[in-house]
Amino acid sequence: MLLSGGIDSATCLYLTKDKYRIRALTFVYEGIAERELNSAGDLAKAACVAEHRLVRLPDLKEASEIGGQKFPGYPPTYIPMRNSVFYSFAASFAEEVRADYLVGGHNKDDLAVFRDTSPRFFAGLEMSFRAGSKILAARKTRILRPLEGRTKAQVVKLASRIGVPLELTWSCHRDGGDHCWECAGCAMREEAFGEAGTEDPLRNL
Ligand SMILES: [Zn+2]
């Protein structure tokens, strides 16, 4: 998501939705669940974003589609160097709309697995964007990750506390009317809600 205006990096994006002009980006890669796209649209609407843009990347595939064994230590849903790709599109959008911040929702659990969510990676990326763009350099555009100090369970707790419409979220890797409660995405969701002690509104439908 992209913001114009000042923001404290520790502030959760959803809390700022009435204060800043927020634009959301969703990346449509090969095999993404249709339901996940709908959910992204619903959440963007609920957050009253100024624009929700879909970036279509049909040639970008998950490790399971390429050959999971090629990426040891990564889950089958890993997309090789995805954050280099995603943030480059975000920087292009930021230059177009003169955004001051790119905001990513990476959490502490992501940092333990994905090297392209590390502070070192983002510091380098931020430096590259400013080196490559007069506009982003002049605005001193920054990349913020307000959730990186929190585990998935802590993110669920926070989201519940500040009124994020959790019933609109989608975690399942499969398509369908409801979560399958069998895939890795569903298992991680159950674990996070359980650990947070938060009731999952999607479990009671
Ligand atoms: Zn599932």
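**Exercise 1. The end of helix H7**

Task: In this predicted model, find which residue just after H7 takes a positive phi, and work out which residues of H7 are buried and what they pack against.

Solution: Step one is to go to the end of helix H7, which spans residues 152-162; just after H7 comes glycine 163, whose phi is positive, at about 85°. Step two is to look back along H7, where the buried residues are Ala153, Val156, Leu158, Ala159 and Ile162. Step three is to ask what lies against them, and the answer is helix H8, since the buried residues of H7 pack against H8.

**Exercise 2. The zinc site**

Task: Identify the protein donors of the zinc ion, state the geometry of the site, and say where cysteine 172 and cysteine 183 lie in the chain.

Solution: Step one is to list the donors, which are the SG atoms of Cys172, Cys180, Cys183 and Cys186, lying 2.3 to 2.4 Å from the zinc ion. Step two is to examine the angles among the four donor atoms, which run from 103 to 117°; because four donors count as tetrahedral if all angles lie between 85 and 135 degrees, the site of the zinc ion is tetrahedral. Step three is to read the donors along the chain, where they follow the spacing C-x7-C-x2-C-x2-C. Within this pattern, cysteine 172 and cysteine 183 are 11 residues apart, and both are placed in the loop between helix H7 (152-162) and helix H8 (184-196). Step four concerns accessibility: cysteine 172 is buried, and cysteine 183 is buried as well.

**Exercise 3. Two residues around H8**

Task: Decide whether arginine 189 is buried or exposed, and do likewise for tryptophan 181.

Solution: Step one places arginine 189 in helix H8 and tryptophan 181 in the loop between H7 and H8. Step two applies the cut-off: because buried means under 20% relative accessible area, arginine 189 counts as buried at 5%, and tryptophan 181 is buried at 17%. Step three looks at the contacts of arginine 189 outside its neighbours within four places in sequence, among them Trp170, His179, Trp181 and Asp200. Step four adds a backbone detail, namely that tryptophan 181 has a positive phi of about 60° although it is not a glycine.

**Exercise 4. Another positive phi**

Task: Locate methionine 81 and describe its phi.

Solution: Step one places methionine 81 in the loop between helix H2 (63-66) and helix H3 (82-97). Step two gives its phi, which is near 50° and thus positive in a residue other than glycine. Step three turns to accessibility, where methionine 81 is partly exposed with a relative accessible area of 45%.

**Exercise 5. A β-α-β unit**

Task: Work out how strand S2 is joined to strand S3, and which unit they make with helix H1.

Solution: Step one counts seven bridges between S2 (residues 21-29) and S3 (residues 51-57), two strands that run parallel; valine 28, for instance, has arginine 56 in S3 as its bridge partner. Step two adds H1 (residues 34-46), which together with S2 and S3 makes a right-handed β-α-β unit. Step three takes leucine 43, which lies in H1 and counts as partly exposed at 24% relative accessibility; leaving aside neighbours within four places in sequence, leucine 43 is in contact with Pro165, Leu168 and Thr169.

Conventions. Residues are numbered from 1 along each chain as its sequence is written. This is a predicted model: local features need pLDDT of at least 70, side-chain atom pairs count only at pLDDT 80 or more; totals for chains, interfaces and linings use all residues. Side-chain values use heavy atoms; hydrogens and water are left out. Donors are N, O and S atoms within 2.8 Å of the metal (3.2 Å for Na, K and Ca); water is not among the atoms, so sites may look incomplete. Four donors count as tetrahedral if all angles lie between 85 and 135 degrees; four count as square planar and six as octahedral if opposite donors are over 155 degrees apart and all others between 65 and 115; anything else is irregular. Helices (H or I, at least four residues) and strands (E, at least two) are DSSP runs, numbered from the N terminus. Buried means under 20% relative accessible area, exposed over 50%, partly exposed in between (1.4 Å probe, protein chains only). Contact means heavy atoms within 4.5 Å. Two strands pair if DSSP finds at least two bridges between them. A crossover is right-handed if, with the strands pointing away from the viewer, the path from the first strand over the helix to the second runs clockwise.
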